[in-house]
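Colleague: Could you take a close look at one part of this model for me, the charged side chains and their surroundings, and then place that part within the rest of the chain? I would like the accessibility, the contacts and the pairings treated together.

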Amino acid sequence: MGAYKYIEELYKKKQSDLMRFLFRVRCWQFRQLASVHRASRPTRPDKARRLGYKAKQGICIYRTRVKRGGRKRPVSKGICYGKPKTAGVNELKFQRSIQSVAEERVGRACGGLAS
């Protein structure tokens, strides 16, 4: 079993002691960093290579923080005027994916990078 296959098998067992410890430590480490920062290497090299990553010049990885969960309508005291259909405050779904939001934020922070 090669190194990438070994890492892949580890990630299949996320409840194992090793992975729980790794996630806990990484979570703490990522919280100490800036919300948008450059990562020296991918967190998951096996997955990154499957998605086309190569460790060579001209390819860089940025990590960014994005809030998860639903979107709350920004209205004062929860009062939405108009028809009842538009009266919702809490159960709204953001129309763009978390990945697209993350890519936009990195693009804004690193304007000189070519896509």
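Modeller: Arg41 is exposed, because its relative accessible area is 60% and a residue counts as exposed over 50%. This is a predicted model, and what follows should be read with that in mind. Arg41 belongs to the loop between β1 and α3, and, once residues up to four places away in sequence are set aside, Arg41 touches Ile61 and Arg63. Along the chain Arg41 and Ile61 are 20 residues apart, while their C-alpha atoms are separated by 6.9 Å.

From that loop we can move to Arg44, which is partly exposed, with a relative accessible area of 23%. The side chain of Arg44 meets that of Asp46 in a salt bridge, at 3.6 Å from N to O. The charged end of Arg44 also sits over the ring of Tyr11, 3.9 Å from the centre of that ring. Arg44 therefore takes part in a salt bridge with Asp46 and also places its charge over an aromatic ring. As to pairs of aromatic rings, a search of the whole structure finds 1.

Asp46 deserves the closest reading in this part of the model. Asp46 is placed in helix α3, which covers residues 45-50, and, at 4% relative accessibility, Asp46 counts as buried, because the word applies to residues under 20%. Leaving aside neighbours within four places in sequence, Asp46 is in contact with Tyr4, Ile7 and Glu8. Of these contacts, Tyr4, Ile7 and Glu8 carry numbers that fall in the range of helix α1, residues 3-12. Besides the salt bridge to Arg44, Asp46 forms a salt bridge with Arg50, at 3.4 Å from N to O. Asp46 and Arg50 both lie in helix α3, 4 residues apart, which is about one turn of the helix. An α-helix has 3.6 residues a turn, so residues three or four places apart point the same way. Arg50 is exposed, with a relative accessible area of 52%, whereas Asp46 is buried at 4%, and the salt bridge between Asp46 and Arg50 therefore joins a buried residue to an exposed one.

How many salt bridges does the structure hold? The structure holds 6, and another of them lies in helix α1, where the side chains of Glu9 and Lys5 meet at 3.8 Å, N to O. Being 4 residues apart in helix α1, residues 3-12, Glu9 and Lys5 are separated by about one helical turn. Glu9 is partly exposed, with a relative accessible area of 24%, and Lys5 is partly exposed too, with a relative accessible area of 40%. Salt bridges that share partners join Lys5, Glu9 and Lys12 into one network.

To place this charged part within the rest of the chain, we can turn to helix α4. Helix α4 has 12 residues, 98-109, and at 1.5 Å a residue it should span 16 Å; its end C-alpha atoms are 17 Å apart, which agrees. Val101, Ala102 and Val106 are buried in α4. Seen down the axis of α4, its buried residues fall within an arc of 130 degrees, so they line one face of the helix. Those buried residues pack against β1, residues 36-39, and β2, residues 61-64. The strand β1 thus named as a partner of α4 is also one of the two elements that bound the loop holding Arg41, and the residues touched by Arg41, namely Ile61 and Arg63, have numbers within the range given for β2.

Two exposed positions complete the view. Lys77 lies in the loop between β2 and α4, and, at 77% relative accessibility, Lys77 counts as exposed. The backbone of Lys77 has a positive phi of about 60 degrees, although Lys77 is not a glycine. Gly112 is placed in the segment after α4 and is exposed, with a relative accessible area of 81%. Gly112 and Gly2 are 110 residues apart in sequence, and their C-alpha atoms are 37 Å apart in space.

Note on methods: Residues are numbered from 1 along each chain as its sequence is written. This is a predicted model: local features need pLDDT of at least 70, side-chain atom pairs count only at pLDDT 80 or more; totals for chains, interfaces and linings use all residues. Side-chain values use heavy atoms; hydrogens and water are left out. Rings of Phe, Tyr and Trp (its six-membered ring) pair if their centres lie within 6.5 Å; planes under 30 degrees apart count as stacked, over 60 as edge-to-face and the rest as tilted. A charge sits over a ring if NZ of Lys or CZ of Arg is within 6 Å of the ring centre and within 35 degrees of the ring normal. The expected span of a helix is 1.5 Å times one less than its number of residues. Buried means under 20% relative accessible area, exposed over 50%, partly exposed in between (1.4 Å probe, protein chains only). The arc is that of the directions from the helix axis to the C-beta atoms. Contact means heavy atoms within 4.5 Å. A salt bridge is a side-chain nitrogen of Lys or Arg within 4 Å of a carboxyl oxygen of Asp or Glu.
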